Amino acid sequence: MANSITALRVALIVATALSLAACGGEKTADAEAKAGEGGSSQTVTVATAVLESLPRTVSASGTISAWEEVPVGAETGGLTATGVYVDEGSYVRQGQPLVQMNDALLRAQLRQQQASLDTALANQRASAANMSAAEAALSEIRTRLSQATIKAPVSGLVISRNVTRGQIISPGSELFRIVRDGRLELDAQVPETELGLVRAGQGAVVSSDQVGETTGRVRIVTPEVDPQTRLGIARITLTGGGFRPGMFGRARIDVGTQPAVTLPTAAVLYRENRAGVFILDGEGRARFRPVAIVSRSSERTAVTGIEAGARIIVSGAGFLGEGDRVRVAPAAVAATPAVKAS
């Protein structure tokens, strides 16, 4: 009898162990199946990236410079400046006197040479050579006398002065620097990826924290890109404002309407400091794709890095990992209003 009870107990223990093993095997199989499906099975909404024509601006920054700087120097030398008529910040007209040098000696030489010429005229029949020499000498003295008054070669803004009254002026030394017509430009540095969008004649808004904003227009786009910085230069002529050469400025260049791929702004997220979106691949899995943001509004964002027609995960994207399998909500729930970016 005791042996029968013992055998029964052993049979029960074996049956229980087998049952537990079977349940454990089923749970393991279920876990493996779920793992094979990609882990997450979150329900998400999906929108399609579309191609739109949008107003486009290119942002750039750089240094304010003169459109053309004209140095003003002395053609004659060894004379003392007796009058300096303009200073930095003065606006001068072409031909306006800037500096007067002591011309007393030159005037005396002029009178002497005129007298010599009168003598040569009296003796013209006797010596034609003396007549020619006297005329040449008189012309030279007149030229030197005119050079004793330094005049503005162009109209413009005086931005530097290097002469004072009483200074002995050396020939060829720079005395002033003038910005022709007072025109200033922003040498805007444009990334090579956007340089092809910028053209001469396009309008721009140029701003500075110090003097505010002014309008401008692209005068020229240089044909060279710096091999180190990968930046090209667009020279933007300024139409006003209190800008000065050497200041830092920023520009927003209106490059017209350009085609761009847009998608819901809510779909854009950041992973490892990179902007990107999750797209839904053909197997129902989420794939992260980095994008570059061109422009954005509260509803729509224009990007590069994604092709039109891609299925973009919107709601629920922030909880996904690479390769997660997802369930797409019905179209009525997933619908996103088509609002154009501004």
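This is a tour of a predicted model, going from its sheets to its salt bridges, its largest pocket and its nonpolar cores.

**Stop 1: the sheet with β11**

Select strands β4, β11, β9 and β6. They form an open sheet of four strands in that order, and the pairing is antiparallel. β4 covers residues 69–73 and β6 covers 91–92; both stand at the edges with a single partner strand, so one side of each has no neighbour in the sheet. As background, the strands of a sheet pair through backbone hydrogen bonds, either parallel or antiparallel.

Now narrow the selection to residues 156–161 and 174–180. These are β9 and β11, an antiparallel pair held over five bridges. Two positions help to set the register: L157 is opposite V179 in β11, and V158 is opposite I178 in β11. Show the side chains of this pair as well, since in a regular strand they alternate between the two faces of the sheet.

Next, move to β4 and β11. This antiparallel pairing also runs over five bridges. Here P71 stands opposite R177 of β11. Keep R177 selected for the next stop.

**Stop 2: salt bridges around R177**

Which residues are linked with R177 in a network of salt bridges? Add E69 and E174 to the selection: these two and R177 make up the network. The contact between E69 and R177 has its closest N and O atoms 3.2 Å apart. E69 belongs to β4 and R177 to β11, so this salt bridge ties together parts of the chain 108 residues apart in sequence. For R177 and E174, the closest N and O atoms are 2.8 Å apart.

Are these residues buried or exposed? With a relative accessible area of 35%, E69 is partly exposed. R177 is partly exposed too, at 22%, and E174 falls in that class at 31% relative accessibility.

**Stop 3: R56 and E194**

Select R56 and E194. Their side chains form a salt bridge with an N to O distance of 3.2 Å. This pair links distant parts of the chain: R56 sits in strand β3 (residues 50–66) and E194 in helix α4 (residues 192–195), 138 residues apart. R56 has 16% relative accessibility and E194 has 19%; because buried means under 20%, both residues count as buried. To look for others, note that a search of the whole structure finds 13 salt bridges.

**Stop 4: the largest pocket**

Return to L157 and add L184, F243, R244 and P245. The largest pocket has a volume of about 240 Å³, and of the 14 residues that line it, these five are the closest to its centre. Which element gives the most to the lining of this pocket? It is β9, with three residues. Coloured by class, the lining shows seven nonpolar, five polar and two charged residues.

**Stop 5: the sheet with β7**

Select β8, β7, β5 and β10. This is another open sheet of four strands, in that order, with antiparallel pairing. Its edge strands are β8 (149–151) and β10 (168–169), each of which pairs on one side only. β7, at residues 97–101, pairs with β8 in the antiparallel sense over three bridges. To find the register of that pair, put Q100 and T149 on display: Q100 stands opposite T149 in β8.

**Stop 6: the nonpolar cores**

Finish with L98, V99, I169, F176 and I178. The largest nonpolar core has 27 residues, and these five touch the most other members. To see where the core draws its residues, colour β4, β5 (79–84), β7, α2 (104–122), α3 (128–147) and β11, the elements that give two or more residues to it. Among them, α3 gives the most, with four residues. In soluble globular proteins, nonpolar side chains tend to be buried together.

For the last selection, take A60, A66, V198 and V255. They are included in a second core of 22 residues, separate from the one above.

Definitions and conventions
Residues numbered from 1 in each chain as written. Predicted model: local features only at pLDDT ≥ 70, side-chain atom pairs only at ≥ 80, totals over all residues. Heavy atoms only, no water. Pairing = 2+ DSSP bridges. 1 Å grid on protein atoms, 1.4 Å probe; cavity = no way out; pocket = protein on both sides within 12 Å on 5 of 7 lines; lining within 4 Å. Points joined across faces, edges and corners; volume = space filled by probe spheres on them. Nonpolar A, V, L, I, M, F, W, Y, C, P; charged D, E, K, R; others polar. Salt bridge = Lys/Arg side-chain N within 4 Å of Asp/Glu carboxyl O. Buried < 20%, exposed > 50% of the residue type's maximum accessible area, 1.4 Å probe, protein only. Core = buried A, V, L, I, M, F, W, Y, C linked by side-chain atoms within 4.5 Å.
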